[in-house]
Amino acid sequence: MLTITNMEKHYGKIAALKEVSLTIPSGSCYGLVGPNGAGKSTLIKILASIIHDYKGEALINEILLNHDLKEKIGYIPQDICLEEDISAIGNLHFFGKLYGIKGKQLLKRTQEVLRLVGLSERSKDKVNTFSGGMKRRLNIGCALMHQPDLIIMDEPTVGIDPQSRRYIFQMIEDFKNAGCTIIYASHYMEEVEELCDHVAFIDKGEIVENGSVAELLQKYAIPSIYIKGSNITLEVVEKYGTASTKKGGYLLQTNEPLQVMENIILYCRENNIELERLELVQPRLEDVFFTLTGSKLRD
Amino acid sequence: MNAIMIIELKKHIQDKGLLFWMLILPIIFTVLFIAMFTANVDAATKQQVILSIVPGYVVMFVFFIMISMVQVFIKDRDKGMTSRLASTPIPPYFYLLGKWIPFMYIVLVQIIVLFLFGRLVYDVPLGQPFVLLILSICLTFTVTGIGLAMSVIVRTENMGIALTQIVALGGAMLSGLWVPLEMMPDFMQTISRFLPQYWAHQAFQDAMAGNTVFTELLQTLLILFGIGVAGFVIAILRYPHFLKRSVN
């Protein structure tokens, strides 16, 4: 279990983290979500032991975060940190050696990781010949050489093709099944929703909300109905809840979606209105995000 | 540390630009300047010019390694590799040593090749080869030590290139690498005593002529070694600031 208590970090007068407290259960995939500059990367850098000057404490299984714990943590940075002029195998050897792996164990683990990230066939090729997705996968592989218990992933799917993204998702599922604890920071809400059991929303250096994904969806996201049809006007739709226009139709937010759908069907029958589409829109984590952080531009 | 050293050496060996800057360019300059300064002079003067220019240009050109050092560190910092390595169990001083030592190998090879070139083409004497080797190792340590400190201090690559030019060219001018020291004003001769180039150049000339005085050699080695150590200490102290500027 990872416990973060009253963590604070300032860059000059700017507070990057304000009394952040979180509990991340062992074996869970924990999403860290927030706008740019919210404090996600600062929190991740502290947990990865890159930033040392902060207040508060972080305990991993009751042990205070320290140099020795680095061997239990695998940090996957947002940027691709690979030696471009060296082969995939060379990069994995490099990172393995940094964690003290050597000899036959290094060779064996390198082959395992190459298989894991799907790069066995390109193992001897230089990284500068790889696609973006392959580099991302190797970037992840480098952090897995020492078989960490805690994997910290900072936007691991930025700028890659759908196939590589799907492959990385499968890898994360495998890590979860193997009992690893994962911290997954991302802007992509659908990824967090799909992969994570728990999520913390961070904004302006504070945890504004955290909990299980299902709980947060139930608590914050209002169900919606999408309605499209000729002769249906905004005034009509607004009778049933808060409505807005979307893709030539209307999005109606209501806490009683099934009842409202029935009423709309009845209304359309009585008034000879032809419905083109009427569908229930599932609440998404993105809605929770905007509810908590607002939708105004931050940069 | 060995892992960092090995991967850095691999990268340097593949870098053809480094070969140009460290060997081809100094050889071209040495040939050109010797041809220029010995065009219409007698044999004795020609020999004297060659004996000054060969070690002088060796000392001047080794300082340009600092550009490569700055580039490597700034690239590491900007692409997040410095942070990435900080998340591993490698202590900062191993990171710095791992980056530093491969440059020492390069500079040592550079000095040896340039002296051998002088020997083969201009028949310069290598009177005390062992002393020359010790001096070369010490100069290598000094130059790369200054380069290491500069690499973690400068904010941009351009700043590093500008500072290298000042240190390499300014130092060369003030230390008598271009013109004999005796021809320079007294105050410049005094300034030269504070520069590593002066000590290295004087000691190289003495060792080539076979005139090394042990106490003078020891003094030179201590000065050069001291500057190198100071560079490493500055780099260690400055490393936390360098890490903070790392992107990731």
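How many nonpolar, polar and charged residues are found, by class, in the lining of the second largest cavity? The answer comes at the end of a short tour of the enclosed spaces in this predicted model, which holds two cavities of 30 Å³ or more.

The largest cavity is a good place to begin. About 50 Å³ of space lies within it, and its lining is made up of residues from chain A: Ile227(A), Ile232(A), Val236(A), Val237(A), Tyr240(A), Ile264(A), Tyr267(A) and Cys268(A). Two helices of chain A, α8 (234-238) and α9 (257-270), each supply at least two residues of this lining. Of the contributing elements, α9(A) gives the most to the largest cavity, namely three residues. Sorted by class, the lining of the largest cavity consists of eight nonpolar residues, with no polar and no charged ones.

Attention now turns to chain B, where the lining of the second largest cavity is found in Thr30(B), Val54(B), Val58(B), Leu114(B) and Phe117(B). Here the elements that give two or more residues to the lining are α3 (43-62) and α6 (92-122) of chain B. The volume of this second largest cavity is about 30 Å³.

This brings the opening question back into view. By class, four nonpolar residues and one polar residue line the second largest cavity, and no charged residue takes part. In the lining of the largest cavity, for its part, the nonpolar count is eight, and polar and charged residues are absent.

Note on methods
Residues numbered from 1 in each chain as written. Chains lettered and ligands numbered in written order. Predicted model: local features only at pLDDT ≥ 70, side-chain atom pairs only at ≥ 80, totals over all residues. Heavy atoms only, no water. 1 Å grid on protein atoms, 1.4 Å probe; cavity = no way out; pocket = protein on both sides within 12 Å on 5 of 7 lines; lining within 4 Å. Points joined across faces, edges and corners; volume = space filled by probe spheres on them. Helix = DSSP H or I, 4+ residues; strand = E, 2+ residues; numbered from the N terminus. Nonpolar A, V, L, I, M, F, W, Y, C, P; charged D, E, K, R; others polar.
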